[in-house]
Amino acid sequence: MGQGGRRRHQPPHRPRPVDASRRPTADPAATAHALQQAEARLKETAGVSRRAEERVTALAELAVGVETRLADLEPLQQCHRIADRLASIASANTATNTLSMELEAYVLAARLEEIAAAANTRLQNMTSERYLLVHSDEKEAGRRGRPKAGLGLRVLDTWTGTERETSTLSGGETFTASLALALGLADVVTQEASGRPLGTLFIDEGFGTLDEQNLQDVMDVLDQLRAGNRTAGIVSHVPELSRRIPSQLNVKKHRDGSTLRPRTGADL
């Protein structure tokens, strides 16, 4: 401190030539190389920054596009939900399908019910008014053991008033029921074909399982078909049929082959 409390200003330090002589020698080439590297890093950093900004802009545009697509998908998702629900109902994979019936089985069940009703008209005639076929909605063992509902038939015995499985029918009763179903199917098809009848019906065997009364009843029904301008072709080895069939074609086997011999009512 000097007089009057003033602080003396120290003169700035100036390097002395002797100090400068002690520093390392300058390397212009190394400095130029370091500058070059720094400039390269600066350009690279600027490029990375520019690309990042471009990606941010692109991502923002993509986000807007995604939101637009999601808005467009909403109606389609609603349609899919409806279609998926209908598919689940049609395939019986939901409790909404209270019958547990696939759509295919439902349509076939409705058709089977029609055929059974048409078959019963002739089945009663062929069984002395005893049996009727009853459509059943109970599950039946289908392919690969998968239960199928709506495609079952049961037999009503009108003499006892009880229903039973078709598997309990005897061989002759099974043949009679099958024949009645075939005729019922022909009737249903005829109705749907604008009245065009199925003019020819072939029955291969099965008559040997019938007793005398059932054979008589079945042949009466077939005679009614013939009277209605339908042709019933029967393949059988039952001798009793030869007395009921006016036109026959007999097949006789030989060692060298088989021969056919037509026979008419005049030959019988």
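**A tour of the predicted model**

Begin with the whole protein chain shown as a surface, which exposes about 20,000 Å², with carbon and sulfur atoms supplying 55% of it (accessible areas come from the Shrake-Rupley method with a 1.4 Å probe). This is a predicted model, in which local features need pLDDT of at least 70 and side-chain atom pairs count only at pLDDT 80 or more, while totals for chains, interfaces and linings use all residues. Residues are numbered from 1 along each chain as its sequence is written, and side-chain values use heavy atoms, with hydrogens and water left out.

Switch next to a cartoon, where the protein chain shows five helices and nine strands (DSSP runs, H or I of at least four residues for helices and E of at least two for strands, numbered from the N terminus).

Now select L179, F207, L215, V218, M219, L222 and L241, which have the most contacts inside the largest nonpolar core, a group of 27 residues (buried Ala, Val, Leu, Ile, Met, Phe, Trp, Tyr and Cys residues joined through side-chain atoms within 4.5 Å, where buried means under 20% relative accessible area with a 1.4 Å probe, protein chains only). Among the elements that each supply at least two residues of this core are β1 (131-136) and α5 (212-227), and α5 gives the most, with six residues.

Finally, select α3 and α4, which pack at an angle of about 125 degrees with their axes 7 Å apart (axes are lines fitted to C-alpha atoms over the stretch in contact, and angles run from 0 to 180 degrees between N-to-C directions).

Key:
Buried means under 20% relative accessible area, exposed over 50%, partly exposed in between (1.4 Å probe, protein chains only).
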